[in-house]
Amino acid sequence: MSLSSALSIAQSSLKATSRQTSIVSRNVADASNPDYSRRIAMLSYTDPGVSAVKIHRAANDLLFRQNLSALSSWSGQATLAQGMDRLELQVNGVDNAASASTAIGALQKALQLYATTPSNQNLGTSLIESARQVIRSLNDGTKAIQDFRTKTDGEITTAVNDMNDLLKQFEVANQAVINGTRSGEDVSDALDQRNAVLKKLSEFVPISTYTRGDNDMVITTGDGTTLFETIPRSVTFTPSPGYAPGVVGGQIYIDKVPLKVAGTAEASGKLAGMLQLRDNVSVTMQRQLDEVARGLITAFAETAPGQPDAVGLFSWPGAPGIPPAGTLIDGLAGTIKINAAVDPAAGGNPVLLRDGGINGAAYRTNPAAPGSGASYADRLIAYGEKLTKPMAFDANAGITANSSVVSYAASSIGWFEGVRQQASNLADSKEALAQRTGEALSNATGVNVDNEMSLMLDLEHTYQASARILTTVNQMLDALLAAVK
């Protein structure tokens, strides 16, 4: 081998080693970046020496797609579970202390106590106060649910705007990949950036991707709607300024196609989770409160032979009649109130609840003269029995259609807790899946610092060997020149 060949080999080796060292240093510097894929310096050899160093980016498309799917499922389920936790606290309070079921239980006890001593007017007043707490739980619960829907609607608006921004970022990254691929440049950084945007997009909706020529990527949603092809497709949503019971929320459109939503306790993608909360869970919860309110009005209705049933302890905008049996009335829980005729705060007399006559003398059932009947408890006992007597409820509220008011209110809590627990369990399992797929992807494409440091040591030895060759060649050239002189 000639000295010039040896010199060329040593120089190319030093250049390649320097490039390899730079790549390893970059790997170590970005080891903690979850969106960074390991770079590998691939050497191509000629005679003599190394002619080029090509950068290879570690990738595993199958694991990446699995991770995208897992992230979408986890994001949607976490959104749904966390939203249910907030909704439960806002409507029912800590340990259901503010729930309608708890208030009805207290009302039932106050009614029983008044029935045992009907001559005690203080017990009558206490009964009205217990009823007032029931009203408060239903009215406040309705407001809390509709406020929750309004707030969720605002969160949907923010999420849609964020998603459109991400699609614009994806367009920039995708174009950088295309341009770099066409010019033969290293596009590793652009690919990392593009994948990072894909991960964020997958948190909003389930996505699928496929790559065309020049590394151009197309994105579709889980149901096949185009999300990106050359340019971003529009994600649109019209927010509502406020919500009332029965008001239907606006739909989310992707490329003018409405976003589909799954069942009550499961959601894939943050947007689907928000729609579930706004249009399914909270709406069903409101319907159950409305049915509880209707059941209370019916149970405490004032009856008399030959007279139509009329409102008693509880009143509503349709008074003096009572709501139709087994028929849901949207927003009834927000409008139910104490009948002024028996409310001391409104100048009413609680004794009318005991004796009858809230709707006139024809409804009076106490056989004693007005003002007497201290031991009369028949009507109070009858009210207590009606609270535990089965009646028809609207099946659209999501609970069995035949139950007592007391059981129905308790079942409402049980229904919500069951759905919430199911959503929470699914969120935990999907979080675990997202973490496992993320770890698998990291193991396949991420940086292992120990391996990189070991490689750095090998490169150091290579560098030292090349340096020795240069030194040796230099000494031989010096000797040759000295001999010629």
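The following dialogue examines threonine 284 and strand E4 in a predicted model.

Trainee: Why is threonine 284 called buried?

Mentor: Buried means under 20% relative accessible area. Threonine 284 has a relative accessible area of 15%, so it is buried. The residue lies in helix H6, residues 270-299.

Trainee: What makes the approach of asparagine 280 to threonine 284 a matter of distance between polar atoms?

Mentor: The backbone oxygen of asparagine 280 lies 2.9 Å from a polar atom of the side chain of threonine 284. The cut-off for a polar contact is 3.5 Å, and the value of 2.9 Å falls within it.

Trainee: Which residues does threonine 284 contact, leaving aside its neighbours within four places in sequence?

Mentor: Those residues are Ala397 and Trp415.

Trainee: Why is strand E4 described as largely enclosed by the rest of the structure?

Mentor: In E4, residues 217-221, 5 of the 5 residues are buried, so the strand is largely enclosed. Met217, Ile219 and Thr221 are buried on one side, and Val218 and Thr220 on the other. In a regular strand the side chains alternate between the two faces of the sheet.

Trainee: How do you know that E4 pairs with strand E3 and with strand E5?

Mentor: Pairing requires at least two bridges. E3 and E4 have 5 bridges in the antiparallel sense, with isoleucine 207 opposite threonine 221. E4 and E5 run antiparallel and are joined by 2 bridges, so the requirement is met there as well. In E5, threonine 226 is the bridge partner of threonine 220.

Methods
Residues are numbered from 1 along each chain as its sequence is written. This is a predicted model: local features need pLDDT of at least 70, side-chain atom pairs count only at pLDDT 80 or more; totals for chains, interfaces and linings use all residues. Side-chain values use heavy atoms; hydrogens and water are left out. Helices (H or I, at least four residues) and strands (E, at least two) are DSSP runs, numbered from the N terminus. Buried means under 20% relative accessible area, exposed over 50%, partly exposed in between (1.4 Å probe, protein chains only). A polar contact is a pair of N or O atoms within 3.5 Å; within protein, one must be able to donate a hydrogen and the other to accept it, and residues adjacent in sequence count only if both atoms are side-chain atoms. Contact means heavy atoms within 4.5 Å.
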